[in-house]
Amino acid sequence: MDAVPAMIGDHWDADECEHGLLDFKETPDTAGDPGKNARKRFHELPAETAVCFADSEGGAVVVGVGDRASDRGTALRGVPPKYSAEEVGNTSGKPGMQAPPTRPASRSRARSATRAARKRGGRGWTRRVMVETMERMIDIAPDIRLWAEESGDRTAPPLLLIMGANASGLAWPEPFVEALGRHHRVIRYDHRDTGRSTEIFGERPYAITDLAGDAVAVLDALEVDRAHVVGMSMGGMLTQLLLLDHPDRVLTATFIGTTPLGGIPFEAPGFPPGFLALWEEMGAARDREAEIDWRVRHWELLHNDPGDGTGIPFDPEEFRRLEERIIAHSGRHRGPTAHAAAATDGLDRGPELAAVTVPALVIDAPNDPLAGSARAHALAGALGNARPVTIPGMGHALPGAVLPRLAELILGHTSRPEERGR
């Protein structure tokens, strides 16, 4: 089934809704407009697991999301027989959705209602897309667990997001993940020693190359044979290792803010002095607010708007909100530092990239102070099948201003005609 864009409240063919149909009740302000009722109810809920709902009048089938909170589960009148409360709810150890145990809608009744709606000339009908967000912990070793999240269209090709050094998977902005999720089953995860994943470096130091193995372990745990892979910064270096050691697992590769593996000659400016001074303070003891201030200052330097009209204006509140979400997700405000100390053995493999045939997209961010145009073009030139594309004004960060263009480029890359049959 081809993936199509989906938003909560869109209509789908009842015959193609494979995940069960549910009734929902009208309320006084939505009487006569079941679609409005569904949109109103489920836009108010956090995205957890989407299933198909049949309205009581027109037979329109909409995508709705199950709630994790039992006191708000009354928005639903039934759970499809093939799902239990645990399966429909959040799988990260939080309470599952507890919907009242009433009967699910009849498929035959929904089909009849669907045909009636079509005769009345209702909205356009399209194929069903399952939109789902699920969290889980993945055991990659007896004493190491990684937090991972799946979202987007579960029927579409998988897309793995790999974040940079010392960064949680939640550093991928939500609007960006949602945009990719309309066409992909999106997977993101926390590296070791970040977010909710195990802190282990202090007891058992590891190398950067071990983190590439973690990415493969995530794909294995989620039963993904091949995925499109998007790597940011260090995540792009891990993606290069995947291309060299596991090319059969990668459909396409996208690199953002990435330096090529060692052994590729190129000339590029060194890191700005401001970074070196700020990095000396990495890991210092700070209270929560001081830690957030430090992180926002770090993002400002990474963002790199020189103020001469060539950059993108920096919005500190945007990145403050991002870091507050990451801290809430992690459950601690102490900044991770393990990857800055991890061994770099085994990264001098740049010349091997010439043999890579997997299609690669290299984002050239000209205002990136760490991996600017020189490094981006060196990486594109080192890879056997790559093309660079410039996003003017972009630095080593993902502000809202670049997200639409970035998502557009990635989706264009992952849907290239030669890739559809892979």
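This report describes the overall make-up of a predicted protein model and the arrangement of its eight-stranded sheet.

**Overall make-up**

The protein chain comprises 422 residues, of which 53% are buried. Its secondary structure consists of 13 helices and twelve strands. Taking contacts between residues at least 6 apart in sequence, 72% join residues that are at least 24 apart. The accessible surface of the chain amounts to about 17900 Å², and carbon and sulfur atoms account for 51% of that surface.

**The sheet**

Strands of a sheet pair through backbone hydrogen bonds, in either a parallel or an antiparallel manner. In this model, eight strands form an open sheet with mixed pairing, and their order is 5-6-8-7-9-10-11-12. Strand 5 and strand 12 stand at the edges with a single partner strand each, so one side of each has no neighbour in the sheet. From one strand to the next, the twist averages 20°.

Within the sheet, strand 7 and strand 9 run parallel and are joined by four bridges. Leu-160 stands opposite Val-229, a residue of strand 9.

**A helix across the sheet**

Helix 4 lies across strand 6, strand 7 and strand 8. With respect to strand 8, helix 4 runs at about 145°.

The table gives the residue ranges of several elements named above.

| Element | Residues |
|---|---|
| Strand 5 | residues 134-141 |
| Strand 6 | residues 144-152 |
| Strand 7 | residues 158-162 |
| Helix 4 | residues 174-181 |
| Strand 8 | residues 185-189 |
| Strand 9 | residues 227-232 |
| Strand 12 | residues 386-390 |

How values were computed
Residues numbered from 1 in each chain as written. Predicted model: local features only at pLDDT ≥ 70, side-chain atom pairs only at ≥ 80, totals over all residues. Heavy atoms only, no water. Pairing = 2+ DSSP bridges. Helix = DSSP H or I, 4+ residues; strand = E, 2+ residues; numbered from the N terminus. Axes fitted to C-alpha atoms, helices over the stretch in contact; angles between N-to-C directions. Contact = heavy atoms within 4.5 Å. Buried < 20%, exposed > 50% of the residue type's maximum accessible area, 1.4 Å probe, protein only. Areas by Shrake-Rupley, 256 points an atom, 1.4 Å probe, with all protein chains shown as cover.
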